[in-house]
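Work through the exercises below with the structure open beside you. Each task is followed by a solution in steps.

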Amino acid sequence: MQSYDDVITSKGFLSDLKALNTVIAQSLTDAGLPVIMNGNVCYSDKDEDFNKGTLSSLMEPKRKALVAMAQRSRCFVEVGIAGGHAVLLALHANPDLKAIGIDLAVQAKPSWPRVDIFVPAATEWLLKRFPDRFRFVKQDAIDGLREVASAPVFGPVDMIHLDGGKLNRMEELAAIWPALAERGYLMQGDYKNGNVRASTRAMIEYGLAREVPEEDLPPMRHRTFKVVEIGPSVLAQSVRLQDFRGKRVLLCTAHQDDELLFAGGLLSKIARKAQVHVTCFFRPMKGRADSDTRIAAMQRLCADVGVSCTQYPFAVEAPYRRLRRYIVQDDTDGAAPVSLLRPLESHGLYPTLLETAISTLRLYEPDIVITHNPVGEYGHLEHIFLHRTMMEAARRANITTLLTFGAGQEHRAGLSVTYDTRRKKRLFKHYKPQGDGLKMYDFALDPERFVREPLFPT
């Protein structure tokens with residue numbers, strides 16, 4: 001791995017830097033304009049005739065961080081590419097790196113340098129110089145990131161530089177999140193701006209990001225930028241069992257016995273350490289052997305464990321026929337991705353469920369919410385329905401931590417909880433003899449897993 005000094009003084013980088021600067025300067029000169037450009041990792045903002053000067057010493061910490069990130073990454077996405085200098089430096093720092101630049105290339109304010117002239121010139125040069133390693137998306141930040149996420153031509157994104165607008169950084173991260181590698185880096189440009197600092201704090205609070213360990217890395221923070229780690233594995237590692245201590249925990253289930261099947265072991269471990277409440281959203285349907293006993297069984301179980309519970313009366317467990325008009329899975333094993341045939345908002349029960357969920361979250365003000373997962377554990381449509389409802393309710397209620405049951409999403413990293421299986425087995429007595437989850441569900445005594453979902457505040 002080359003040192004920063006080796007990269008920045010290499011003949012290849014210096015030659016390309018001169019060529020890029022020449023193209024930018026010529027595009028401005030041909031338009032009868034002074035040779036002025038936005039500030040970037042190489043030059044100061046509006047530094048006239050920058051192409052004749054030297055690299056800015058103020059930006060050297062950012063250049064060093066950029067090189068270190070690039071050497072540990074494979075796909076770099078930059079919002080606010082400007083003259084392309086960060087992309088050029090990153091591509092020279094790592095010959096295996098590929099990059100995508102996003103820029104609207106519009107002079108939104110009269111005081112701005114003429115990005116509408118030099119951005120197209122710079123990106124055209126980069127495309128010719130690195131035809132297999134560079135792509136350009138002429139869009140605003142969020143639309144451009146969504147386009148990249150929908151078709152990640154260079155594979156998972158593990159390095160991002162947000163250096164455009166300062167007001168929507170959380171929304172920008174949300175737009176690219178589906179395309180992220182398990183772990184990567186986010187460089188927040190313009191970190192001296194209060195909105196950028198606030199968005200970074202929010203990313204960390206929501207588990208979407210964490211501070212970068214400093215081993216073998218240059219400083220990852222300066223008044224002009226800050227680097228954090230991001231990605232699904234960062235989110236997964238952001239909750240530990242000890243984090244439940246002293247917290248308000250709300251477990252939201254679709255049916256009675258879900259609290260036992262998916263979280264009975266966890267409830268037993270945290271009942272004396274946290275303030276825990278179980279909320280069940282669907283009443284039992286008529287005609288089952290246990291229709292008249294399940295609610296009382298749940299109440300006895302929660303009392304046995306030492307947590308409180310509520311049964312809502314608004315929704316009734318029902319056959320799948322109607323929900324199958326809305327929710328579909330690609331196969332029948334219960335672990336396939338879920339898609340919607342029509343908006344859930346148009347389902348007659350959705351408004352009631354959503355308002356109930358929002359009211360519940362505002363009533364209990366939980367630190368941690370636990371509910372069903374995106375695939376309904378084993379494909380249960382009402383589980384999927386409640387999952388989607390709780391995700392929306394959590395966003396509206398500004399919940400920062402929402403965990404889903406791990407059954408059916410073993411491919412995702414999360415919190416694994418081991419427990420006294422004998423004690424959990426004894427808890428099943430509350431649902432017998434009418435029901436026996438131990439016989440019906442082979443995962444009932446496995447270690448329980450919980451996956452943190454990415455929540456982006458509205």
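**Exercise 1. The open sheet**

Find the order of the seven strands in the open sheet, and name its edge strands.

Solution. The model is a predicted one.
Step 1: Reading across the open sheet, the seven strands come in the order β11-β10-β9-β14-β15-β17-β16. Their pairing is mixed.
Step 2: An edge strand pairs on one side only, and this applies to β11 (308-316) and to β16 (415-417).
Step 3: From one strand to the next, the twist averages 25°.

**Exercise 2. Two pairings within the sheet**

State the sense in which β16 runs against β17, and the sense in which β9 pairs with β10.

Solution. Strands of a sheet pair through backbone hydrogen bonds, in either a parallel or an antiparallel way.
Step 1: β16 and β17 (residues 448-452) run antiparallel and are joined by three bridges. Ser-416 has Arg-449 of β17 as its bridge partner.
Step 2: β9 (residues 248-253) pairs with β10 in the parallel sense, over six bridges. Opposite Leu-250 stands His-277 in β10.
Step 3: β10 (residues 275-283) is mostly covered, with seven of its nine residues buried.

**Exercise 3. Aromatic pairs**

Classify the ring pair Phe-262 and Phe-443, then the ring pair Phe-405 and Phe-450.

Solution. A pair of aromatic rings is described by two values, the distance of the centres and the angle of the planes.
Step 1: The whole structure holds 12 aromatic pairs.
Step 2: For Phe-262 and Phe-443 the centres are 5.4 Å apart and the planes make an angle of 15°. Planes under 30 degrees apart count as stacked, so this pair is stacked.
Step 3: Phe-262 belongs to helix α10 (residues 258-270), while Phe-443 is in the loop between α16 (437-440) and β17. The two residues are 181 residues apart, and the pair links distant parts of the chain.
Step 4: A residue is buried under 20% relative accessible area. Phe-262 counts as buried because its relative accessibility is 4%. Phe-443 counts as buried too, because its value is 18%.
Step 5: For Phe-405 and Phe-450 the centres are 6.4 Å apart and the planes make an angle of 65°. An angle over 60 degrees counts as edge-to-face, so this pair is edge-to-face.
Step 6: Phe-405 is in strand β15 (residues 402-405) and Phe-450 is in strand β17, 45 residues apart. Both Phe-405 and Phe-450 are buried.
Step 7: Ring pairs join Phe-262, Tyr-378, Phe-405, Tyr-441, Phe-443 and Phe-450 into a cluster.

**Exercise 4. Charges over rings**

Which ring does Arg-183 lie over, and which ring does the charged end of Arg-342 sit over?

Solution.
Step 1: Arg-183 lies over the face of Tyr-185, 5.4 Å from the ring centre.
Step 2: The charged end of Arg-342 sits over the ring of Tyr-326, at 5.4 Å from its centre.

**Exercise 5. Empty space**

How many cavities of 30 Å³ or more does the structure have, and which residues line the largest cavity?

Solution. Empty space is shown by rolling a probe the size of a water molecule over the atoms.
Step 1: A search of the whole structure gives one cavity of 30 Å³ or more.
Step 2: The largest cavity holds about 30 Å³ of space.
Step 3: The lining of the largest cavity consists of Asp-290, Thr-293, Arg-294, Ala-297, His-430, Tyr-431 and Gln-434.

Notes. Residues are numbered from 1 along each chain as its sequence is written. This is a predicted model: local features need pLDDT of at least 70, side-chain atom pairs count only at pLDDT 80 or more; totals for chains, interfaces and linings use all residues. Side-chain values use heavy atoms; hydrogens and water are left out. Two strands pair if DSSP finds at least two bridges between them. Helices (H or I, at least four residues) and strands (E, at least two) are DSSP runs, numbered from the N terminus. Axes are lines fitted to C-alpha atoms, for helices over the stretch in contact, and angles run from 0 to 180 degrees between N-to-C directions. Rings of Phe, Tyr and Trp (its six-membered ring) pair if their centres lie within 6.5 Å; planes under 30 degrees apart count as stacked, over 60 as edge-to-face and the rest as tilted. Buried means under 20% relative accessible area, exposed over 50%, partly exposed in between (1.4 Å probe, protein chains only). A charge sits over a ring if NZ of Lys or CZ of Arg is within 6 Å of the ring centre and within 35 degrees of the ring normal. On a 1 Å grid over the protein atoms alone, a cavity is a set of points where a 1.4 Å probe fits but cannot get out, and a pocket is an open set with protein on both sides within 12 Å along at least five of seven lines; lining residues have an atom within 4 Å of a point. Grid points are joined across faces, edges and corners, and a volume is the space filled by probe spheres set on the points.
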